[in-house]
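Student: Could you take a close look with me at one part of this model, the packing of one element against another? I would also like to see how that part sits within the whole chain.

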Amino acid sequence: MASSRTVWIAAGLVARLLMLAVLAMAVQSKFSNKVHYDFKGAGYNNDLHSYTYAVVVAAVGMAGSVLQIPVGIYLLCKSKRTTPSTLVLDASTYADIVVTVVLASGVGAGFGATGDVVEYIKHAGGSRWQDDATQDLINYYHKGNIAIVFLLIGMVLSLCATVASVRLRVRASNDLDDA
């Protein structure tokens, strides 16, 4: 019984570590994405608020992961001897749920805004600039999707950590009921 609990704790810890790395790649990918033309000089701000929100969401996800990693290590060390505290498991579960929901909102905002802006540029906004400048802007937004895909992967990993947390919490409450 303790061995399967250890496996669930380790799986949650691995998911959090991978999530931290993937979200760091999302932030780095967003900041390395540049355009060649000066669209701000032409009165167009190509940095969407949803991209700023996606970066903030990635930072929140990384902070949640950094705070959860010591909890996962504590649970991993403690699980071999006794059943972990339900208070610690409750806090871990709720924190994972909050991080997952925040990451999901960032993914939705990033993909939604990118799709809308690219369609606008292709159909209505393209006449304002030369064709190569328009293509540069479209490429910028398509590369922006790469950061959002990393954010999506981080959200899926956060969901995996949430499942592990919930599984551990339910198992701990069942162990307390049996005692």
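Tutor: Happily! Let's begin with the whole chain: 42% of its 179 residues count as buried. Please keep in mind that this is a predicted model. The chain holds four helices and zero strands, and its elements follow the order α-α-α-α from the N terminus. Its accessible surface is about 9300 Å², with carbon and sulfur atoms accounting for 67% of that area. If we take the contacts between residues at least 6 apart in sequence, 90% of them join residues at least 24 apart.

Now to the part I would pick for the close look, the pairing of helix α2 with helix α3. Helix α2 covers residues 49–78 and helix α3 covers residues 86–123. Their axes come within 9 Å of each other and cross at roughly 160 degrees. That angle is over 145 degrees, and α2 and α3 are therefore roughly antiparallel. The crossing of α2 past α3 is left-handed. As for what lines this contact, its residues comprise 16 nonpolar, nine polar and one charged.

Val-88 gives us a residue-level view of this pairing. It is located in helix α3 and has a relative accessibility of 26%, which means that it counts as partly exposed. Leaving out neighbours within four places in sequence, Val-88 contacts Val-71, Tyr-74 and Leu-75, and these three numbers fall within the 49–78 range of α2. For Val-88 and Tyr-74, the C-alpha atoms are 9.8 Å apart, with their positions 14 residues apart in sequence.

Right beside Val-88 in the numbering is Leu-87, another residue of α3. Leu-87 has 65% relative accessibility, so it counts as exposed. Follow its C-alpha across to that of Arg-169 and you will find a separation of 9.3 Å, although the two residues are 82 apart along the chain.

To set the pair in its surroundings, turn next to helix α1, which spans residues 2–32. Arg-16 belongs to this helix. With a relative accessible area of 5%, this arginine is under the 20% cut-off and is therefore buried. Neighbours within four places aside, its contacts are Ser-65, Gln-68, Ile-69, Ser-92, Asp-96, Ala-161 and Ser-165. Among them, Ser-65, Gln-68 and Ile-69 have numbers inside the range of α2, while Ser-92 and Asp-96 have numbers inside that of α3. Arg-16 thus touches residues from each helix of our pair. The C-alpha atoms of Arg-16 and Gly-154 lie 8.9 Å apart, for a sequence separation of 138 residues.

Further along α1 we come to Met-25, which is partly exposed at 38% relative accessible area. Its C-alpha lies 8.7 Å from that of Leu-151, and 126 residues separate the two in sequence. Finally, Ser-29 is also placed in α1. Its relative accessible area is 11%, so this serine is buried. Beyond residues up to four places away in sequence, Ser-29 touches Lys-143, Ile-146, Ala-147 and Phe-150.

To pull the picture together, α2 and α3 run roughly antiparallel, Val-88 of α3 contacts Tyr-74, and Arg-16 reaches the pair from α1 with contacts that include Gln-68 and Asp-96.

How values were computed:
Residues numbered from 1 in each chain as written. Predicted model: local features only at pLDDT ≥ 70, side-chain atom pairs only at ≥ 80, totals over all residues. Heavy atoms only, no water. Axes fitted to C-alpha atoms, helices over the stretch in contact; angles between N-to-C directions. Helix = DSSP H or I, 4+ residues; strand = E, 2+ residues; numbered from the N terminus. Parallel < 35°, antiparallel > 145°, perpendicular 65-115°, else oblique. Left-handed = near helix turned anticlockwise from the far one by under 90°. Nonpolar A, V, L, I, M, F, W, Y, C, P; charged D, E, K, R; others polar. Buried < 20%, exposed > 50% of the residue type's maximum accessible area, 1.4 Å probe, protein only. Contact = heavy atoms within 4.5 Å. Areas by Shrake-Rupley, 256 points an atom, 1.4 Å probe, with all protein chains shown as cover.
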